[in-house]
Amino acid sequence: MDKVVARLLWLEPCWIALVMPSLLVRDWLWDPWVHPWLIVALLLFWPLRLWTQRQIAPATPLNWPVLLLLIWSPVGLWASVDLARSLHALGFLVLGCALYFALLNWPPTQQYPWRIGMLLAGAGCALAMLGPALLLRIPMKLLIFPDDLTKSGPADWAFIGETVNPNVLAGALLLPLLLLLALTLRPRWAKRRWMAQLLWAPILLIGMALLLSQSRGAYLALLVSVIVLIALRWPWIGISFGVGLFAAAFVLITTQVSVSMGGAIVEASKLAGTLPLALRVEVWHRALWALCDHLLTGIGIGTFDLVIPQLYPYTPGQRGVIPHAHNLLLQVGVDLGLPGLLLYGWLLVSTCGVLIRVLRHSWASASVQERDTALQWALAAGTLAAFIALMTHGMVDAVTWGTKLAFLPWLLFALTAVLSLDVNRK
């Protein structure tokens with residue numbers, strides 16, 4: 001009996017992968033009325049695990065914030081003015097939490113944490129190949145591409161009616177890109193040096209797709225995260241480069257060169273159809289007011305573009321729909337209230353704490369030349385850099401929350417939790 005149950009529990013990630021397409025592309029496989037049942041189906045294996053193992057997952061510092069965030073999330077439905085839309089957004093959050101616990105419990109990923117990294121890298125490569133074809137239009141902000149490329153529409157052979165925003169694409173691509181870069185910085189994990197060099201192929205693929213997105217926020221996040229990666233690998237080089245960059249930025253601002261550049265950026269934003277800085281600040285103010293007025297419950301998950309214009313109208317003359325708060329933490333707070341924001345902050349702080357502990361363990365290990373230690377360092381450093389990119393980009397956008405690609409950070413949360421188990425075993 002125990003063997004049968006163990007085999008059933010082994011299939012949990014496969015079950016989530018089976019349900020996942022219908023949650024990401026609603027109405028693609030099932031009628032809308034099935035959607036709530038699909039969300040519940042993500043947790044199908046939990047009662048069986050509680051019955052047989054008396055726990056949802058092995059203990060890690062991330063479990064409680066994830067579990068409490070999942071328990072609190074129905075409050076976003078209770079406060080919603082559009083139940084169907086909120087259910088769709090809630091599905092993304094429940095999918096992420098279910099993925100986290102499934103990968104944390106899965107024996108293949110417990111034994112080999114790098115497999116979670118390869119899942120993320122595979123998702124990044126698939127997104128890099130499909131994402132540019134799904135863009136409504138290639139932006140023209142910093143680089144100019146040929147007209148036949150910039151005016152091309154989404155590919156007809158992909159998901160019917162599905163497109164991707166350039167900023168969402170860029171924010172998602174940052175996560176696998178930084179993890180892969182970290183693996184190339186510490187190649188001793190590979191049995192043969194050329195095995196690590198093969199990672200440059202997916203890095204270039206993802207980098208080209210990121211270049212096409214022309215997301216300035218993603219470029220800034222990438223720059224900051226790469227500096228952190230270099231500082232983790234070669235401290236003095238990274239610190240010197242960071243100080244030099246800060247000094248250059250300070251000189252640029254003090255000489256007021258940034259004024260003309262800022263005007264050019266705003267004009268480019270208007271031409272590209274993106275959100276100018278002044279309007280972005282206005283959106284932040286509206287989101288903060290909404291959070292203060294609905295401190296406990298938020299305005300309802302996934303209803304930002306419905307509620308904010310009605311309760312907190314924008315400046316007259318504003319055109320177009322603004323789908324989210326353009327700030328990750330503000331968006332979480334608006335969706336789930338202050339308790340949800342505090343739980344998400346707890347999760348992020350716990351994640352960074354675990355990753356720093358893993359990095360310290362790898363540096364302090366007596367076997368620094370061994371492949372296992374090098375791999376542990378690369379996974380932890382790449383994950384930490386990815387979260388720094390997520391938060392840096394999250395200051396000006398909210399692409400990793402409430403979107404169809406919001407499950408990607410949860411792979412990194414799962415990788416962090418499995419790395420903490422690995423350190424505890426050693």
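**Warm-up**

Of the contacts in this protein with a separation of 6 or more, 77% are made by residues 24 or more positions apart. Keep in mind as you work that the model is predicted. The protein has 426 residues, and 52% of them count as buried. Its secondary structure comes to 21 helices and 0 strands.

**Exercise 1. Find the cavities of the structure and describe what lines the largest one.**

*Solution.*
Step 1: Search the whole structure. You should get 3 cavities of 30 Å³ or more.

Step 2: Take the largest of them, which holds about 70 Å³ of space.

Step 3: Collect its lining. You'll find Ala 89, Phe 92, Leu 93, Ile 301, Thr 400, Trp 401, Gly 402, Ala 406 and Trp 410.

Step 4: Look for the main contributor. That's helix α7, residues 83–105, which gives the most to this lining with 3 residues.

Step 5: Sort the lining by class. There are 7 nonpolar and 2 polar residues, and no charged ones.

**Exercise 2. Do the same job on the second largest cavity, and work out which helix supplies the largest share of its lining.**

*Solution.*
Step 1: Start with the volume, about 50 Å³.

Step 2: List the lining, which is made up of Gly 171, Leu 174, Ala 389, Leu 390, His 393, Gly 394, Asp 397, Ala 398, Val 399 and Thr 400.

Step 3: Map these residues onto helices. At least two come from α11 (166–185), and at least two from α20 (371–394). The largest share is that of α20, with 4 residues.

Step 4: Sort by class again. This time you get 5 nonpolar, 4 polar and 1 charged residue.

**Exercise 3. Thr 400 turns up in the lining of the largest cavity and in that of the second largest. Where does Thr 400 lie, and what is it in contact with?**

*Solution.*
Step 1: Place Thr 400 on the chain. You'll spot it in the loop between α20 and α21 (408–425).

Step 2: Check its accessibility. Thr 400 counts as buried because its relative accessibility is 10%, below the 20% cut-off.

Step 3: Skip the neighbours within four places in sequence and see what is left. Thr 400 is in contact with Gly 171, Leu 328, Leu 390, Ala 406 and Pro 409.

Step 4: Compare with Exercise 2. Gly 171 and Leu 390, two of these contacts, also line the second largest cavity.

**Exercise 4. Inspect helices α2 and α9: where does each one bend?**

*Solution.*
Step 1: Check the span of α2 (residues 12–24). Its 13 residues reach 18 Å from the first C-alpha to the last, close to the expected 18 Å.

Step 2: Find its bend. α2 turns by about 30° at Leu 18, with Pro 21 following within four residues.

Step 3: Repeat for α9 (residues 114–134). It has 21 residues and reaches 29 Å, close to the 30 Å expected. The bend here is about 30° at Ala 128, and Pro 132 follows within four residues.

Step 4: Read off the buried residues. In α2 they are Glu 12, Pro 13, Ile 16, Val 19, Met 20, Ser 22, Leu 23 and Leu 24. The cover over them includes α1 (2–10), α3 (35–41), α4 and α7. In α9 the buried residues include Gly 117, Leu 120, Ala 121, Gly 124, Cys 125 and Ala 128.

Step 5: Think about the spacing in such lists. An α-helix has 3.6 residues a turn, so residues three or four places apart point the same way.

**Exercise 5. Arg 54 and Gln 214 each have a positive phi without being glycine. Decide whether each is buried or exposed.**

*Solution.*
Step 1: Get the angles. Phi is about 60° at Arg 54 and about 50° at Gln 214.

Step 2: Locate them. Arg 54 is in the loop between α4 (46–53) and α5 (63–72), whereas Gln 214 is in the loop between α13 (200–213) and α14.

Step 3: Apply the cut-offs. Arg 54 has a relative accessible area of 65%, so it is exposed. Gln 214 comes out at 0%, so it counts as buried.

**Exercise 6. Place Ile 227 and give its C-alpha separation from Ile 237.**

*Solution.*
Step 1: Ile 227 belongs to helix α14, residues 216–233.

Step 2: Its relative accessible area is 12%, so Ile 227 is buried.

Step 3: Ile 237 is 10 residues away along the chain, and the two C-alpha atoms are 9.0 Å apart.

Note on methods: Residues numbered from 1 in each chain as written. Predicted model: local features only at pLDDT ≥ 70, side-chain atom pairs only at ≥ 80, totals over all residues. Heavy atoms only, no water. 1 Å grid on protein atoms, 1.4 Å probe; cavity = no way out; pocket = protein on both sides within 12 Å on 5 of 7 lines; lining within 4 Å. Points joined across faces, edges and corners; volume = space filled by probe spheres on them. Nonpolar A, V, L, I, M, F, W, Y, C, P; charged D, E, K, R; others polar. Buried < 20%, exposed > 50% of the residue type's maximum accessible area, 1.4 Å probe, protein only. Contact = heavy atoms within 4.5 Å. Expected span 1.5 Å × (residues − 1). Bend = angle between axes of the 7 residues up to and from the residue.
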